[in-house]
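Please open the model in a viewer and keep the sequence panel visible. The tour below proceeds by selection, with a short account of what is found at each stop.

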Amino acid sequence: KMKSLLIVLFVSISTLTAYGQDESTMNATYEGFINGTYVFTDDEGERVEFNNVANGVSAKYDLNSSKFVGRQFSITFTIDLEMDEDDEEIQVSTITNLLMPE
């Protein structure tokens, strides 16, 4: 009984925090933490960079180490527009979930 309550609570909290942000998913290979961004290469060979990693993700996968370089991931992410110090809109991409296929 308690377990199902926790699951319902977790799902409703997750839904609330993600509200207003469109999450996208892609498959890509991790290249490393380069110049302050998390760099991946997608299936077409395009370089994709992420600014942030959610706390739960960094607890599961330490992307600052070279341990996961060259590994394939399924990446769930959000892209937000924020204002920089010059009042210009910049895209900030955050990895919200990572899965490493078996």
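In this predicted model, the structure holds 1 salt bridge. To display it, select Arg47 and Glu49: these two residues form the salt bridge, and their closest N and O atoms lie 2.8 Å apart. Is Glu49 buried, partly exposed or exposed? Its relative accessible area is 40%, so Glu49 is classed as partly exposed.

**The sheet**

Next, switch to a cartoon view and select the strands. An open sheet is formed by 6 strands in the order 3-2-1-5-6-4, and the pairing is mixed. Strand 3, residues 47-50, and strand 4 occupy the edges; each has a single partner strand, so one side of each is left without a neighbour in the sheet. In a regular strand, side chains alternate between the two faces of the sheet.

**Strand 1 and strand 5**

Select residues 23-34, which make up strand 1. Strand 1 runs antiparallel to strand 5, and 7 bridges join the two. For a point of reference within this pairing, label Met26 and Ile75: Met26 stands opposite Ile75 in strand 5.

**Strand 5 and strand 6**

Now add strand 5 (72-83) and strand 6 (89-99) to the selection. These two strands run antiparallel and are joined by 10 bridges. Within this pairing, Glu82 stands opposite Ile90 in strand 6. Strand 5 and strand 6 form a hairpin, with 5 residues between them.

**The hairpin turn**

Centre the view on Asp87, which is found in the loop between strand 5 and strand 6. The phi of Asp87 is positive, at about 60°, although the residue is not a glycine. Asp87 counts as exposed because its relative accessibility is 60%, the cut-off for exposed being over 50%. Which residues form a negative surface patch here? Show the side chains of Glu85, Asp86, Asp87 and Glu88, which form that patch.

**Strand 4 and strand 6**

Move to residues 52-53, which constitute strand 4. In which sense does strand 4 pair with strand 6? The pairing is parallel, over 2 bridges. To locate it, select Asn52 and Thr94; Thr94 in strand 6 is the bridge partner of Asn52.

**Two further loops**

Select Asn35, found in the loop between strand 1 and strand 2 (37-42). Asn35 has a phi near 50°, a positive value in a residue other than glycine. With 79% relative accessibility, Asn35 counts as exposed.

Finally, select Ser66, whose place is in the loop between helix 2 (55-60) and strand 5. Ser66 is exposed, its relative accessible area being 60%. Draw a distance from the C-alpha atom of Ser66 to that of Glu31: the two atoms are separated by 8.8 Å, while the residues are 35 apart along the chain.

Methods:
Residues are numbered from 1 along each chain as its sequence is written. This is a predicted model: local features need pLDDT of at least 70, side-chain atom pairs count only at pLDDT 80 or more; totals for chains, interfaces and linings use all residues. Side-chain values use heavy atoms; hydrogens and water are left out. Patches are made of residues with over 30% relative accessible area and no salt bridge: like charges are joined within 9 Å, nonpolar side chains (Val, Leu, Ile, Met, Phe, Trp, Tyr) within 5 Å. Accessible areas come from the Shrake-Rupley method with a 1.4 Å probe; for residues, only the protein chains shown count as cover. A salt bridge is a side-chain nitrogen of Lys or Arg within 4 Å of a carboxyl oxygen of Asp or Glu. Lys and Arg count as positive and Asp and Glu as negative; His and the chain ends are not counted. The place of a charge is taken as NZ of Lys, CZ of Arg, CG of Asp or CD of Glu. Helices (H or I, at least four residues) and strands (E, at least two) are DSSP runs, numbered from the N terminus. Two strands pair if DSSP finds at least two bridges between them. Buried means under 20% relative accessible area, exposed over 50%, partly exposed in between (1.4 Å probe, protein chains only).
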